[in-house]
Amino acid sequence: LMAYTAYGDGTANPTACSNATACGPTWPHCSRCCKSTKTKVVMSKTPEVASSWVRVNRTGDVGFDAKSTATLVRDTPPHFQWTGTGSVRSWQSNDLLHWTAAEDAIVGRPGSFDPGYCEAGAPPVRLADGNYFTTYDTIIGSQRHGWAAGWVVLNGSNPREVLQRGGEPLVEPTRPWELQTPPQWNWTQAVQEGGVPMIGATNG
């Protein structure tokens, strides 16, 4: 099972986002050709065979397919996913096809390194004590600019419950090659944030 983000819609110009002049220098300009960002899911029993991947037709309450999704598939239902940008919401499903019962899971903490924007990160992994570890992406505060990764520990019995949350970023931009926004990213949200330093997202 693999989730990915799909950009654009039926009215999108397929060449606009590769053309800096047509697309414009800022995210609002780019939104003319990338009017939607949705999570799509594919699955395969033989992932090494490219042709074996098939799209999963999922349904759910409004917002279940928002950009960025981390999924926890358990031996027995319910299964869970964490989805969203700006804030992260948790969802549950009995069949991995229909997602409901959204709850706020990870939101910004004023006064901390993650004061506002939070985005779903990597799929949760089981810890030795039976709980789960997962990450989220955030735009860190004004004193330390850029994207960074935060982390949380989720309850193994109820993965929608956050047991612990890091007080400092797991990783953040510090190296010279991280402290710049590559020119080829000039159409992304990086520009909307003022060309702040970037670091790779943790969604993988």
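Buried means under 20% relative accessible area, exposed means over 50%, and partly exposed is in between (1.4 Å probe, protein chains only). Keep that in mind for the tour.

This is a predicted model: local features need pLDDT of at least 70, side-chain atom pairs count only at pLDDT 80 or more, and totals for chains, interfaces and linings use all residues. Residues are numbered from 1 along each chain as its sequence is written, and side-chain values use heavy atoms, with hydrogens and water left out.

**Stop 1: the sheet**

Turn on the cartoon view. Helices (H or I, at least four residues) and strands (E, at least two) are DSSP runs, numbered from the N terminus. Strands of a sheet pair through backbone hydrogen bonds, either parallel or antiparallel. Here, two strands count as paired if DSSP finds at least two bridges between them.

Find the open sheet of five strands, in the order 4-9-8-6-5, with mixed pairing. Select 59-60 and then 69-72: these are strand 4 and strand 5, the edge strands, and each pairs on one side only.

**Stop 2: from strand 4 to strand 9**

Keep strand 4 and add residues 98-106, which are strand 9. The two run parallel, joined by two bridges. Pick T59; opposite stands H98 in strand 9.

**Stop 3: the hairpin**

Now add strand 8, residues 88-93. Strand 8 runs antiparallel to strand 9, and four bridges join them. Click V88 to start; the bridge partner in strand 9 is I106. Four residues lie between the two strands of this hairpin. Select L96 in the turn: its phi is positive, about 70 degrees.

**Stop 4: across to strand 6**

Select residues 79-83 for strand 6. Five bridges tie strand 6 to strand 8, and the two run antiparallel. Look at T83, which faces R89 in strand 8.

**Stop 5: the aromatic rings**

Show side chains. Rings of Phe, Tyr and Trp (its six-membered ring) pair if their centres lie within 6.5 Å; planes under 30 degrees apart count as stacked, over 60 as edge-to-face and the rest as tilted. How many aromatic pairs does this rule give? The count is two.

Select F80 and W82 for a tilted pair, 6.4 Å centre to centre with 35 degrees between the planes. Both F80 and W82 are buried.

Next, select F133 and W151. This pair is stacked, at 6.0 Å centre to centre and 25 degrees between the planes. F133 lies in strand 12 (residues 132-139) and W151 in strand 13 (residues 147-154), so the pair ties together parts 18 residues apart in sequence. F133 is partly exposed, at 24% relative accessible area. W151 counts as buried, at 19% relative accessibility.
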